[in-house]
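Please open the structure in your viewer and prepare to select residues by number. The tour below proceeds from one selection to the next.

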Amino acid sequence: MADGRAHLDRQVAGEFEIFAHHIANAVKSGNLEDLYIGVVLGNSDARAVRVELLQGASYLSQPDAPFIELPALVKGKETFAGPGDRVCTELLQGKTRSGYPGTIILKPGECKVFARLPVPVASLSPPINGRNALFRLRSDGPVRVATLALYGSKDGAPSEERFLELLRRGNLAGPREGAPSDPEKSGQKPGPIRYGRVAGVAAGSVWEGRGEVAITADDKMTCLPIASLRGGTFGTGQVQSAPLMVRYPDTAYAAHGNYGVLYKITLVLSNGSKTAKSVSLRLDCPVKTDSKRIDFLDPPAPNVFFRGSLKVDGELFHLVLHRGEKGPALSTFDLAPGEKRQIQVELIYPADATPPQVLSIASCPVSS
């Protein structure tokens, strides 16, 4: 509160989410003490405010969710590698991790620590660890939210008073990263877009899409972008990155990647041809482009660009996709001439994934 640069003047009310993704790197910092991420809720209203936890989870890279090698497709079983993957997989299934207060009552002018999340590194080699957190909350009045970082001590986690003192007297966390590319500024130097770290308040936490996909005689593939962003819309012009209503001046202009955003896609597939068609649905990871084309690599690049879970008509799948890779079929069915079928896809876009991807609907004649 003493440093104006560290505070965004924005209250939230009703249903809102808190998302955090942080890496503690003692190789760079030289500090082997446990780092704690504190989430503080405050009430500046003249009446008491009730805040309820609807759903939430938080995990570490080590030991909760290490980046292990996984099969390309796992069906019907909870699977994860990495904390962002684990958090989103659990929340997609409607689970909530215990250990967080179900309800908090904030008196007028009161601040309380909602969560203290350790990121230990001392026992690791190299001493690097990450933590991902996603909480869905609902308040019956306006509240303010702050995330802070403090090192623990030999006595353990920082007390609530230490966090509140940091809130009152601390500075903006650093060191800061390079500034992102300004999407409104013309005449910038050519080169790759610098998206920047996302730090602010984004508008919305659900991307809902509905539409009809026509299966035609020429069996053209239909692709629908997932987590499309500036520089990667596949020619649709559709930037799905949630706009930031307020942001730190040296951070991203939009929520690139839409980490923690729930995608709910409902499609009606209609066979408009005169022959029966075999239809398949995939999640693909084509090469990012703004051109109206879908390109894959043969073989795909070694780096993983998507590692996460999704539901197709309520059935759980876990995918690992590399850059430029076609995904495996998640649903395959036949459509007679003139027949229609509805299909529903849900996923919570996980941190550690690199956008964009596409939902692909492919068809071919039914073999006799």
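The stops that follow move from two nonpolar cores to a helix and then to three charged residues. The model is predicted.

**The nonpolar cores**

Begin by selecting I226, Y263, L269, L310, V312, Y349 and I361, the residues with the most contacts inside the largest nonpolar core, which has 30 residues. Next, colour the elements that give two or more residues to this core: β9 (206–215), β13 (262–271), β14, β15 (304–312), β16 (315–322), β17 (329–335), β18 (340–348) and β19 (357–365). Then select I18, A24, V51 and Y100, which are included in a second, separate core of 25 residues. In soluble globular proteins, nonpolar side chains tend to be buried together.

**Helix α3**

Move to helix α3, residues 160–169, and display F163, L164 and L167, which are buried. Looking down the axis of α3, one finds its buried residues within an arc of 95°, so they line one face of the helix. Display also β2 (35–42), β6 (111–119) and β7, which are among the elements covering the buried residues of α3.

**R131 in strand β7**

Stay with strand β7, residues 128–151, and select R131 within it. Which side chain of opposite charge is nearest to R131? It is that of D64, 5.0 Å away; R131 is buried yet has no salt bridge. The side chain of R131 does form a polar contact of 2.7 Å with the side chain of S58. To see the surroundings, show the contacts of R131 beyond four places in sequence, including A20, H21, H22, Y59, L60 and L117.

**D284 in strand β14**

Now select D284, which belongs to strand β14 (residues 277–284). Is D284 buried or exposed? Its relative accessibility is 0%, so D284 counts as buried. Its side chain is joined to that of S360 by a polar contact of 2.7 Å. Beyond four places in sequence, the residues in contact with D284 include F296, L321, E325, K326 and Q357.

**D352 between β18 and β19**

Finally, go to the loop between β18 and β19 and select D352. With a relative accessible area of 30%, D352 is partly exposed. Add F306 to the selection: the C-alpha atoms of D352 and F306 are 7.6 Å apart, although the two residues are separated by 46 residues along the chain. The side chains of D352 and H21 share a polar contact of 3.3 Å. Other residues touched by D352 include F67, G82, P83, G84, Y259 and R307. H21 also links back to an earlier stop, as R131 touches H21.

Terms used. Residues numbered from 1 in each chain as written. Predicted model: local features only at pLDDT ≥ 70, side-chain atom pairs only at ≥ 80, totals over all residues. Heavy atoms only, no water. Helix = DSSP H or I, 4+ residues; strand = E, 2+ residues; numbered from the N terminus. Buried < 20%, exposed > 50% of the residue type's maximum accessible area, 1.4 Å probe, protein only. Lys, Arg positive; Asp, Glu negative; His and termini not counted. Salt bridge = Lys/Arg side-chain N within 4 Å of Asp/Glu carboxyl O. Polar contact = N/O pair within 3.5 Å; in protein donor to acceptor, adjacent residues only side chain to side chain. Contact = heavy atoms within 4.5 Å. Arc of directions from axis to C-beta. Core = buried A, V, L, I, M, F, W, Y, C linked by side-chain atoms within 4.5 Å.
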